[in-house]
Amino acid sequence: MSVPSWHEDFRQDVARIDVPTLVLHGDADRILPITATGERTGKLIKGAQMLVVKRGPHCITWTHAEEVNSALISFLEK
């Protein structure tokens, strides 16, 4: 069973985002690989800042909390 929204194509919606955006993604995410999700998201949002967390698996907010929090604080201070 999958989440119904996984069958939706949100690329056009994502491309309409017009606020400063930080895309954080781990390069070791095996559930949502960076090449299939994070990199595409970063390219779809005009002006998005992309941060790749080295050896970051799925849910980097748990495994790399210090790096994620530091990046968020730095981004929000701008």
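This note covers a strand pair and two pockets in a predicted model.

1. Strand β1 spans residues 22-26, and 4 of its 5 residues are buried, so the strand counts as mostly covered by the under 20% relative accessible area cut-off. Its partner is strand β2 (residues 49-53); the two run in the parallel sense and are joined over 5 bridges. Within this pair, L24 stands opposite L51 of β2.

2. The connection from β1 to β2 passes through helix α2 (residues 38-44). This β-α-β crossover is right-handed.

3. The largest pocket has a volume of about 290 Å³. Its lining comprises 16 residues, and those nearest the centre are H25, D29, L32, T37 and H58. By class, the lining of the largest pocket holds 8 nonpolar, 7 polar and 1 charged residues.

4. Three elements, β1, α2 and α3 (60-63), each contribute at least two residues to the lining of the largest pocket. The biggest share comes from β1, with 4 residues.

5. The second largest pocket has a volume of about 200 Å³. Its lining is made up of E8, D9, F10, R11, V14, A36, T37, R40, T41 and L44. Two or more of these come from each of α1 (11-15) and α2, with α2 giving the most, 3 residues. The lining of the second largest pocket divides into 4 nonpolar, 2 polar and 4 charged residues.

6. Helix α2 recurs across these points: the β1-to-β2 crossover runs through α2, and α2 supplies at least two residues to the lining of the largest pocket. T37 is listed among the residues nearest the centre of the largest pocket and also lines the second largest pocket.

Definitions and conventions. Residues are numbered from 1 along each chain as its sequence is written. This is a predicted model: local features need pLDDT of at least 70, side-chain atom pairs count only at pLDDT 80 or more; totals for chains, interfaces and linings use all residues. Side-chain values use heavy atoms; hydrogens and water are left out. Buried means under 20% relative accessible area, exposed over 50%, partly exposed in between (1.4 Å probe, protein chains only). Two strands pair if DSSP finds at least two bridges between them. A crossover is right-handed if, with the strands pointing away from the viewer, the path from the first strand over the helix to the second runs clockwise. On a 1 Å grid over the protein atoms alone, a cavity is a set of points where a 1.4 Å probe fits but cannot get out, and a pocket is an open set with protein on both sides within 12 Å along at least five of seven lines; lining residues have an atom within 4 Å of a point. Grid points are joined across faces, edges and corners, and a volume is the space filled by probe spheres set on the points. Ala, Val, Leu, Ile, Met, Phe, Trp, Tyr, Cys and Pro count as nonpolar, Asp, Glu, Lys and Arg as charged, and the others, Gly among them, as polar.
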